[in-house]
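Welcome to this short tour. Open your viewer, keep the sequence panel in sight, and follow the stops below.

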Amino acid sequence: MMKLSGIAGVLTLAAVALIGGAAVGQVRPQTSDQPIMIGADAGERTNTSFSLRGRAEVTQGGNRLRADAIEGASAAGGDISSVTASGNVYYVTPNETIRGDRAVYTISNATIVVTGDVILTQGKNVLTGGRLTYNIDTGAANMAGGTNSRIQGVFYPQGN
């Protein structure tokens with residue numbers, strides 16, 4: 001996913017490995033059996049979708065997705081297969097915070113793709129870029145730069 005070259009590429013790859021790697025070894029507690037709470041200024045539900053508009057929020061366990069709008073889609077009569085959040089997107093877990101302009105969460109592979117001015121924070125460590133692919137179950141993260149921009153990060157050694 002990332003196109004890297006030279007020393008900067010190696011450092012960037014190491015940084016991504018650090019921020020993602022810290023969580024890779026941690027199997028996250030499954031939250032899928034916990035209740036899902038929603039909130040918004042307005043919302044609607046059909047047989048194949050739901051839509052939340054205005055201060056939209058979906059919370060399950062310790063994870064929270066907040067945005068200007070959140071929409072979910074499914075096959076006819078089936079479970080929700082993907083969730084799209086747009087405008088001031090925040091995805092917050094007990095360990096990470098991800099911010100971006102738009103996010104698409106695909107439930108089948110537990111992956112969220114965040115685009116726009118993306119900021120991933122884990123403790124004091126910060127990684128920024130234009131596109132983040134993040135696996136919610138493993139914590140693995142891949143960041144790419146945006147149009148005419150690079151990824152950047154600040155990482156603190158453990159204990160600092």
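A contact here means heavy atoms within 4.5 Å. With that in hand, look at the whole protein: residues 24 or more positions apart account for 36% of its contacts with a separation of 6 or more.

Before selecting anything, note that this is a predicted model, where local features need pLDDT of at least 70, side-chain atom pairs count only at pLDDT 80 or more, and totals for chains, interfaces and linings use all residues. Residues are numbered from 1 along each chain as its sequence is written, and side-chain values use heavy atoms, with hydrogens and water left out.

**Stop 1: the whole chain**

Switch to a cartoon view to find 1 helix and 10 strands. Helices (H or I, at least four residues) and strands (E, at least two) are DSSP runs, numbered from the N terminus. Starting from that end, the order is α-β-β-β-β-β-β-β-β-β-β.

Now turn on the surface. Its accessible area is about 9200 Å², with 54% belonging to carbon and sulfur atoms; such areas come from the Shrake-Rupley method with a 1.4 Å probe, and for residues only the protein chains shown count as cover. Of the 160 residues, 34% count as buried, where buried means under 20% relative accessible area, exposed over 50%, and partly exposed in between (1.4 Å probe, protein chains only).

**Stop 2: Asn-63**

Select Asn-63, which lies in strand S4 (residues 63-74). Is Asn-63 buried or exposed? Asn-63 counts as buried because its relative accessibility is 16%. Show side chains, and you can trace a polar contact of 3.5 Å from Asn-63 to Tyr-91. A polar contact is a pair of N or O atoms within 3.5 Å; within protein, one must be able to donate a hydrogen and the other to accept it, and residues adjacent in sequence count only if both atoms are side-chain atoms.

**Stop 3: strand S8 and its partners**

Next, select residues 125-135, strand S8. Because 8 of its 11 residues are buried, S8 is largely enclosed by the rest of the structure.

Two strands pair if DSSP finds at least two bridges between them. Add these partners one by one:

- S7 (residues 111-122) runs antiparallel to S8, joined by 10 bridges; Thr-121 has Val-126 as its bridge partner. In the hairpin's turn, with 2 residues between the strands, Gly-123 has a positive phi of about 65°.
- S10 (residues 152-154) pairs antiparallel with S8 over 3 bridges, and Thr-128 stands opposite Gln-152.
- S9 (residues 141-144) pairs antiparallel with S8 over 4 bridges, and Tyr-134 stands opposite Ala-141. This hairpin has 5 residues between the strands, and Gly-139 takes a positive phi near 85°.
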